[in-house]
There are 2 protein chains.
Amino acid sequence: MDNVKPISAAQLKFLKKLDQKKFREESAKFIVEGPHPVTELLSSDWKVDYILVRKDAYEEGRLSAISSSAKKRGIQVQMAAKREFDAVADTVTSQGVLAVVHTNKGRSTPDWRAGAKKLTIVGLNTISDPGNLGTIIRTCAWFGVDYLLLDGGSVDVFNPKVVRASMGALFHLTVIVDADLKKSIADAKLHGVIVYSTTLKGGILLDSCTFDNRSMFLLGNEARGVEEKLHAASDIALMIPRFGAGESLNVAVACGIVLQRATASFPK
Amino acid sequence: MDNVKPISAAQLKFLKKLDQKKFREESAKFIVEGPHPVTELLSSDWKVDYILVRKDAYEEGRLSAISSSAKKRGIQVQMAAKREFDAVADTVTSQGVLAVVHTNKGRSTPDWRAGAKKLTIVGLNTISDPGNLGTIIRTCAWFGVDYLLLDGGSVDVFNPKVVRASMGALFHLTVIVDADLKKSIADAKLHGVIVYSTTLKGGILLDSCTFDNRSMFLLGNEARGVEEKLHAASDIALMIPRFGAGESLNVAVACGIVLQRATASFPK
């Protein structure tokens, strides 16, 4: 039980309130659940408040790797009884461990001058499904996206379902929240970044397109796509050709397909 | 209220039980919710038992297109009060309409001789997340996949969350359930279909690969990937190159990326 402090009632009350967006914003904190996301978190430079372990899981030794890497980073480990822990955990997938983390809203705009050789930006326009946003974050991390711009109409990036679906990738990506996409498109053009807007019809076919090594990709709302004013302001409308009877593609799947093509065809 | 019959208590009881996999299997029926999926259903050849509308939504005229296309196909429209309807609907996205549909387990194996020019098959090995399976179905329909093989370890294709995430694409795809993937791989090889297994490491890079016009793609469980015995039995291990710090890709995103490459590079 070395250095592991019991959680207080006041702390538990605080944790419960973190499921509300308003309270996450006020406190500038959010919760990360589960051994894998917490491990990813601890390997990143995000600021961790403390780790909370569930007594039984801790005592069975299932969290020893996490506890020891927390200790190495000087992060306090606290403990809760099963009943207390379950009351604040969002899911069964937490497996007896969660972290309280400071939201990281450091940047408000990309460093447009960075990445002369390669700068990849994804801009999201009113993405509403938390699972989709989490999966997009995971996909962006895989393909080495430098900045993910999230407009104010999109779901909160610190929503527990988003954090869960991102599988820890959130901590390896620079996400800019409340982004003004109209302004970002103008800034991109000013700095020689080509802006591609994705569409279901009327664009250039994905495989006919060559991609610049400084590129920004816009993806739109699940039902409505990219807003007309943003679409019109883009350089190139991009379309993933359809081969079957399907009506549309999931936005995270579309994001993956576009990023794979783009990264594969960047000038080496 | 022309020809619209009120729903009976016995029918409501039956509908409630359809949220259990066991009962879906026994009755060979399942529920499809929401205007868009029901419209897609009515444009397919799946056998519909009846359409259930919520009184207020029907009377406001919001379901007139669906009711009239049901009538054209000789499908009974029945009506429930709001309270009754809400008790059987799985989601708020139902918007006052659902359909009771016969499960379609027609084929037990692909027609391997079909599609001499093009035969695309996707095989799923113990996919466990309903949202992922639904998104894969939607992706397969977009890319014109001919058969989706689902092994017995995967989530039930008639699970309401799968049906919802498929966005109606389920009705435009031939899904073979309880598929024996080991046997399917052997059959594929026998009929000149190249079998590609997807992996996170140690495969041929996606963009170095040329695809045959008769291809089968294996995708594996969210945590464990494709089972070793299936992987070993495949012709080619296929890998989506990573460019960033990400750890893995969502399986539906991986499916979309592979199918896009494959369809784009099929011999014309």
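**Entry 1: a glutamine in a strand**

I began with A:Gln78, which I found in strand β4 (residues 77-80) of chain A, where helices (H or I, at least four residues) and strands (E, at least two) are DSSP runs numbered from the N terminus. What I am reading is a predicted model, in which local features need pLDDT of at least 70 and side-chain atom pairs count only at pLDDT 80 or more, while totals for chains, interfaces and linings use all residues. I note for reference that residues are numbered from 1 along each chain as its sequence is written, that chains are lettered from A and ligands numbered from 1 in the order in which they are written, and that side-chain values use heavy atoms, with hydrogens and water left out.

At 3% relative accessibility, A:Gln78 counts as buried (buried is under 20% relative accessible area, exposed over 50%, partly exposed in between, with a 1.4 Å probe and protein chains only). I listed what A:Gln78 touches, leaving aside residues up to four places away in sequence, and found among them A:Val4, A:Pro6, A:Gln11, A:Tyr50 and A:Leu52 (contact means heavy atoms within 4.5 Å). A polar atom of the A:Gln78 side chain lies 3.3 Å from the backbone oxygen of A:Pro6.

**Entry 2: helices α3 and α8 of chain A**

I then looked up helix α3 (residues 35-42) of chain A, in which A:Pro37, A:Val38, A:Glu40, A:Leu41 and A:Leu42 are buried. The buried residues of α3(A) pack against β2 (29-33), β3 (48-54), α5 (64-72) and β5 (97-102) of chain A.

From A:Pro37 I went to A:Ala165, since I wanted a pair distant in sequence: the two are 128 residues apart along the chain and 9.8 Å apart in space, C-alpha to C-alpha. A:Ala165 is found in helix α8 (residues 160-165) of chain A, and it touches A:Pro130, A:Gly131, A:Gly134, A:Thr135 and A:Arg138, again not counting residues up to four places away in sequence.

**Entry 3: salt bridges within chain A**

Over all chains I count 28 salt bridges, each being a side-chain nitrogen of Lys or Arg within 4 Å of a carboxyl oxygen of Asp or Glu. One of the pairs I checked is A:Asp146 with A:Lys118, whose closest N and O atoms are 3.5 Å apart. This pair links distant parts of the chain, 28 residues apart, with A:Asp146 in the loop between α7 (130-142) and β7 (147-151) and A:Lys118 in the loop between β5 and β6 (119-124). A:Asp146 is partly exposed at 27% relative accessible area, and A:Lys118 is partly exposed at 28%. I also noted A:Glu227 and A:Lys229, whose side chains meet at 3.9 Å, N to O.

**Entry 4: where chain B meets chain A**

How many residues does the contact take from each chain? I find 32 from chain B and 32 from chain A. The two chains bury about 2,900 Å² between them, 62% of it on carbon and sulfur atoms (buried area is the accessible area, 1.4 Å probe, that two parts lose on being put together, summed over both). In chain B, B:Arg138, B:Trp142 and B:Phe243 lose the most area to chain A, together 26% of what that side buries.

Across this interface the rule finds 2 salt bridges. B:Arg261 pairs with A:Asp207, with the closest N and O atoms 2.8 Å apart, and B:Asp207 meets A:Arg261, also with 2.8 Å from N to O. The latter pair runs from the loop between β10 (204-205) and β11 (214-219) of chain B to helix α11 (residues 251-265) of chain A. B:Asp207 is partly exposed at 35% relative accessibility, whereas A:Arg261 is buried at 10%. Salt bridges that share partners join A:Asp207, A:Arg261, B:Asp207 and B:Arg261 into one network.

**Entry 5: cysteines**

My last search was for disulfides (cysteine sulfur atoms within 2.5 Å), and the count comes to 0 over all chains. Why is B:Cys140 not bonded to B:Cys255? The sulfur of B:Cys140 is 4.4 Å from that of B:Cys255, its closest cysteine sulfur, and this is too far for a bond. B:Cys140 is buried, with a relative accessible area of 0%, and B:Cys255 is buried at 1%.

Note on methods
A polar contact is a pair of N or O atoms within 3.5 Å; within protein, one must be able to donate a hydrogen and the other to accept it, and residues adjacent in sequence count only if both atoms are side-chain atoms.
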